Amino acid sequence: MEKHIFFTSLLAAFLGFYYCPERSMDFSQNLDNTSSELALNQEKYSFSVLQFNIWQEGTQVSGGYDAIVNEIAAREPDFVTLSEVRNYNNTSFDERIVASLKAKGKTYYASKGDDNGVLSKYPVKDYSSFSNGTYHRLIAEIRPGQEIAVYSGHLDYTHYAVYYPRGYDPVTSKPLSAPVTDLGKIAQMNSQSQRPQQIKDFIERSKEDIQKGRIVILGGDFNEASHLDWTEAVKNKYDHNGVVMPWSSTLSLDKAGFKDSYRVMYPNEADYPGFTWVAQKPWAPKADERDRIDYIFYYDNGKIKVDDSYIVGPKETIVKNISTPETSKDKFSLPTGIWPSDHKAVWSTFTVRSK
């Protein structure tokens with residue numbers, strides 16, 4: 001009998017603890033906070049992009065193809081924009097690299113690349129190529145109801161006008177008797193390439209994706225420097241020879257609402273030059289030809305922001321034919337093994353608000 005009374009009293013005290021108004025209010029408040037945090041997390045999502053010039057499919061370095069596969073498999077980016085896809089010997093590079101990644105337990109989908117291409121962790125909904133093969137465009141659904149358009153671009157390599165101030169011919173890559181620092185002559189040489197028209201082609205084509213509310217990303221090897229890099233602050237560095245140059249490709253993208261993810265993350269071009277060229281095999285061996293010519297751009301729709309960006313590849317860059325460690329503040333993610341390219345790659349991570 002006494003045991004029964006004790007148990008009843010204990011049960012009443014237990015129930016009173018959980019059903020008192022103050023405790024009920026606290027519990028409801030905790031539920032509300034948890035729900036708010038969950039809703040907030042559902043309204044935001046992230047994805048990563050790797051821009052990777054693979055130097056003739058890795059054929060220029062012993063074991064280069066396997067190194068490309070290993071770098072992607074180890075890092076697992078959501079999207080990879082590839083430059084210098086060649087489909088050698090009647091092979092399909094996209095099928096080959098998807099199979100190689102599958103063998104390592106990584107599932108990717110690919111556009112049918114030629115000179116460039118796109119790898120995606122998300123199934124391909126649509127794919128197209130335009131501007132005489134300069135761009136390959138992949139559409140995927142990155143989350144229910146939200147599509148992303150990822151463009152891979154490999155712009156014209158001719159009339160490489162950044163060579164003029166460095167004392168090299170932009171067409172033949174041969175040494176000149178003296179550097180050319182006249183802005184008009186540099187701009188004229190640059191405009192003789194196909195790059196200005198190729199950038200116009202991209203901007204025009206991307207309008208449809210922007211209007212449809214898609215996230216728009218452009219990764220590529222532009223074969224042209226940035227107007228944000230050849231500035232007053234660095235005019236006497238890297239053999240710029242006093243030149244401050246408004247390079248047209250990046251400037252046109254900027255005016256069209258596209259942002260350079262690396263330069264958004266690191267606006268100080270003096271401390272963070274972000275060089276992607278040249279990692280191996282210099283073309284202007286008597287000059288300091290270091291430049292940032294590989295980019296990841298995004299259309300700024302007000303909902304997307306850059307969370308992180310860094311250089312993937314060796315910390316050394318070729319300077320006047322000598323492999324030289326960089327002393328900048330740039331963040332590097334070093335290769336997992338041998339490095340397969342004469343370019344360094346670029347990684348950017350983005351967060352998007354769905355509302």
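Student: Which elements each supply at least two residues of the lining of the second largest cavity?

Tutor: β2 (79-85), α4 (93-103) and β4 (115-120) do; helices (H or I, at least four residues) and strands (E, at least two) are DSSP runs, numbered from the N terminus. This is a predicted model, where local features need pLDDT of at least 70 and side-chain atom pairs 80 or more, while totals for chains, interfaces and linings use all residues. Residues are numbered from 1 along each chain as its sequence is written, and side-chain values use heavy atoms, without hydrogens or water.

Student: What makes the lining of that second largest cavity 7 nonpolar, 3 polar and 1 charged?

Tutor: Ala, Val, Leu, Ile, Met, Phe, Trp, Tyr, Cys and Pro count as nonpolar, Asp, Glu, Lys and Arg as charged, and the others, Gly among them, as polar. The lining includes L82, V85 and F93, plus S111, G113, G117 and D94. D94 is therefore charged, and G113 polar.

Student: And what is the make-up of the largest cavity's lining?

Tutor: There you find 4 nonpolar, 1 polar and 6 charged residues. Among them are D229, R263, E269 and H240.

Student: Which residues of α5 are buried?

Tutor: In α5 (residues 183-191), I186, M189 and N190 are, so each has under 20% relative accessible area (1.4 Å probe, protein chains only). They cover an arc of only 100° around the axis, which puts them on the same side of α5. The arc is taken from the directions from the helix axis to the C-beta atoms.

Student: What caps the N-terminal end of α5?

Tutor: D182 does: one of its side-chain oxygens is 3.0 Å from the backbone nitrogen of G184.

Conventions: Buried < 20%, exposed > 50% of the residue type's maximum accessible area, 1.4 Å probe, protein only. Polar contact = N/O pair within 3.5 Å; in protein donor to acceptor, adjacent residues only side chain to side chain. 1 Å grid on protein atoms, 1.4 Å probe; cavity = no way out; pocket = protein on both sides within 12 Å on 5 of 7 lines; lining within 4 Å.
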